[in-house]
Amino acid sequence: MDRRTFMAGCLGGGLGLPLLAPAGGAQAQAGLTKIIFPFAAGAGGDTLCRLIAQEMAPVLQRTMVVENRTGGDGLIGIKAVKGASPDGSMVLVTTGPTMYLLPMVETTPSFDTSKDFMPVSLLARFEFALVMGPGIDATDFKAFVAWLKAHPDKTSFGVPSNGTIPHFMGSRLEKDFGIPLTRVPYRGSAPILNDLVGGHISFGITTLADALPQHRAKGVKIIAVSSAERSPFAPDVPTLKESGIDLVADAWYGMWLPAGSPPDFASKLGAAASAALAKPEVKEKLTAIGLIPVGSNADGLSKELAANTAFWQPIVKATGYKIEN
């Protein structure tokens, strides 16, 4: 499988310019920290980086620069931080799935998250939605599954890309529903929603934030969300667990340093990130783009990563899905 099809659908972006804290001359360069975001500018993840960079810079008394190092479905940026000097000059912010799914699906893993990186903080969560098109005659989740079983020739569903959480959610749902499902990979959420409205596929699995506008306009219907609790963005929509499917599949952004970095700097960095995320103005800007600010210490991030790895590993393994590297 071509690597370019991997992880295209769960990511953020933003503006293309660095944010710099007020500082000058050699002192600013000596206290320079680059936040590496391994995906292109354009949406939530990059905005998250830039908001917290702006808030953390004066607290840490460092110049904070956000740098997009794109390519390899996140690997270019991840490898840059993996090979960086552990002196606080380079920080990685990326999605949880890139850190636990990539090592699972690469034929030869390019990195070991636990050995090559030092955890800093969980930053923000985002959610996925199960979205059905207008051609499905169902008002709730039970009726939705019944409709699929009654129409075995119409069980195609869209995902933002192969190798993503929505891909593997579909594999799990196929098992839970007890019927064959046909996965159709797209390049992001927008074409999925267009094809749902046009009746070319029956349902899709996308980020909740992407699906909400069409849901509110009644072009499509969000039938369930994948988070542990009902989403603050769609409180009227039940979770998969409420609907009888024992599956929680939200995603998140986290922050890491290269392995061997000073623990005291990691602690200060995590505290500064959490403080930034707790500010009302930052919360407001993040929730406006579908992100739920969290913040944690290093232990919180490690536990989240371990739990996700343990949950998804058998599901991914059962699919046999691999990408060549």
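Let's start with a kink. It sits at W312 in helix α12, and the bend there is about 35 degrees. The proline P314 follows shortly after. Keep in mind that this is a predicted model.

Now the rest of that helix. α12 covers residues 298-319, which makes 22 residues. From first C-alpha to last, α12 reaches 31 Å. The expected figure, at 1.5 Å a residue, is 32 Å, so the two are close.

How does α12 begin? N297 caps its N-terminal end. A side-chain oxygen of N297 lies 3.2 Å from the backbone nitrogen of D299. And at the other end? Just after α12 comes G320, with a positive phi of about 75 degrees.

Which residues of α12 are buried? L301, E304, L305, N308, W312, I315 and V316. Note that W312, the kink residue, is on that list. Look at the spacing as well. An α-helix has 3.6 residues a turn, so residues three or four places apart point the same way.

What do these buried residues pack against? Three helices and two strands: α4 (96-105), α5 (113-116) and α7, plus β4 (117-126) and β10 (251-258).

Two of those names, β4 and β10, take us to a sheet. This one is open, with 6 strands and mixed pairing. Read across, the order is β2-β1-β3-β10-β4-β11. β2 (63-68) and β11 (292-293) stand at the edges. Each has a single partner strand, so one side of each has no neighbour in the sheet.

Within that sheet, take β1, residues 32-37, and β3, residues 90-95. They pair in the parallel sense, over 3 bridges. For a place to look, find K34: its bridge partner in β3 is M90.

Next, strand β6, residues 156-159. Are its faces covered or open? Both are covered. S156 and G158 are buried on one side, F157 and V159 on the other. In a regular strand the side chains alternate between the two faces of the sheet.

β6 runs parallel to β7, residues 182-185, and 4 bridges join them. S156 stands opposite T182 in β7. To get from β6 to β7, the chain passes through helix α7, residues 165-177. This β-α-β crossover is right-handed. We met α7 already: the buried residues of α12 pack against it.

β6 also pairs with β8, residues 203-207. That pairing is parallel too, over 2 bridges. Here F157 stands opposite F203.

Technical notes
Residues numbered from 1 in each chain as written. Predicted model: local features only at pLDDT ≥ 70, side-chain atom pairs only at ≥ 80, totals over all residues. Heavy atoms only, no water. Buried < 20%, exposed > 50% of the residue type's maximum accessible area, 1.4 Å probe, protein only. Helix = DSSP H or I, 4+ residues; strand = E, 2+ residues; numbered from the N terminus. Pairing = 2+ DSSP bridges. Right-handed = clockwise from strand over helix to strand, strands pointing away. Bend = angle between axes of the 7 residues up to and from the residue. Contact = heavy atoms within 4.5 Å. Polar contact = N/O pair within 3.5 Å; in protein donor to acceptor, adjacent residues only side chain to side chain.
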